[in-house]
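I sat down with this one to look up how its parts pack together. My notes follow, in the order I took them.

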Amino acid sequence: MHFASDNWSGAHPRIAESLTRHAAGFASAYGTSDLDKAVEDRFSAIFERDVAVFFVATGTAANSLALASLAKAGGVSFCHADAHVNADEGGAPEFLTGATRLFPVEGAEGRIDPRALDAAIARFEPVSPHHGRAMAVTVTQATEVGTVYSLAELDEIAAVAKSRNLPLHMDGARFANALVSLGVTPAEMTWKRGVDILSFGGTKNGCWCAEAIVFFNPDMAADMPFIRKRSAQLFSKSRFISAQLEAYLDDGLWLELASHSNAMADRLRAGLSAKNTARLAWDTSANEVFAVIEKSAAERARDKGAKFYDWQPPQGWLPLPAENETLVRLVTSFATTTDEVDQFIEVV
């Protein structure tokens, strides 16, 4: 019963097979092989326009280097208070952008409130060397609390950013889960909404180690080859990232895997909702479930081998758990089985 994180899951067999297949022979290095170029072309096809793609190893690298490409002295990027870049990346965005800052913005259920965003940006007008200057806006899709921005909500965020001439970045560590939750195309959830740069995640959804920075206007990517190199993210044998993404994107595997993990989360949500020892903390729609359960039930589940994390309540969330309760996060993945879900529900 593994619900600690989708990072705990392994690699899908088709992705592992692709790695093995491309391990033989020789291929030109540093992202110049035929396979690298073919996968870059595949991204353009998926997003229905010419894009510039840069492969990296981790989501933290993707987010940090995407913001680094937008960095300017005294720069400030605006994100949700609970966003991964703000709460879980150990200062990497600030470090790799050359000491720019993140400014947290409030919003219910992990989503930036457009009015709060507008007010936050206004704090840095007029520009002053004392308080810095607005640099970018970044949203997380799906969010850190399992919710998903609707297309209309993305439009509102983009409108605020564009009114201030600020680029919009999307952290898509669970991009596929958000996409299948909304039932839209990759283009409809990104550049058609005003997103300029995407951190495209594969690791959480069946890849071994594969992330990509996608620029929807290739002209914006002029500095990225140098930024990626100096950040030690230019792999000499980059074909092994491309090999993963080739299999991941082939025949819609990435969407199939995300659909499965979302379905397992739906099953978990439904089962927990029917219990008198547990309740859903808030509605989620991707592959993360947050539940308030009795501490005795949590202990019983762990004694039976269940893996999951106790979780700190997000900012502004009420009501808080009672003294005999705890808030937990449960994450499903492409490898989660119905038996695991049903066993956990039964134990709880």
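I began with the aromatic cluster: Phe43, Phe47, Phe55, Phe175, Phe200, Phe216, Tyr248 and Trp254 form a single one. I kept in mind that this is a predicted model.

Two members of that cluster led me to a helix contact, where Phe175 is among the residues of helix 8 that meet helix 11, and Trp254 is among those on the helix 11 side. I looked up the geometry: the axes of helix 8 (residues 175-182) and helix 11 (residues 253-273) come within 8 Å and cross at roughly 75°. The two helices are therefore roughly perpendicular to each other. By class, I noted seven nonpolar, five polar and no charged residues in this contact.

Next I went through the aromatic pairs, and the structure holds 19 of them. Phe54 and Phe215 make an edge-to-face pair, with 5.8 Å between centres and 85° between the planes. Phe54 sits in strand 1 and Phe215 in strand 7, 161 residues apart. Buried or exposed, I wondered about Phe54? Phe54 is buried, at a relative accessible area of 10%, and Phe215 is buried at 0%.

I also checked Phe308 and Phe344: their ring centres are 5.7 Å apart and their planes stand at 80°, so this pair is edge-to-face. Both Phe308 and Phe344 are buried.

Last came a sheet: four strands in the order 8-9-11-10, open, with antiparallel pairing. Strand 8 and strand 10 are its edges. Strand 9 and strand 11 pair over seven bridges, and I found Ile293 opposite Thr326 in strand 11. Helix 12 packs on this sheet, touching strand 9, strand 10 and strand 11.

Notes. Residues numbered from 1 in each chain as written. Predicted model: local features only at pLDDT ≥ 70, side-chain atom pairs only at ≥ 80, totals over all residues. Heavy atoms only, no water. Axes fitted to C-alpha atoms, helices over the stretch in contact; angles between N-to-C directions. Parallel < 35°, antiparallel > 145°, perpendicular 65-115°, else oblique. Contact = heavy atoms within 4.5 Å. Nonpolar A, V, L, I, M, F, W, Y, C, P; charged D, E, K, R; others polar. Pairing = 2+ DSSP bridges. Phe/Tyr/Trp six-rings, centres within 6.5 Å; stacked < 30°, edge-to-face > 60°. Buried < 20%, exposed > 50% of the residue type's maximum accessible area, 1.4 Å probe, protein only.
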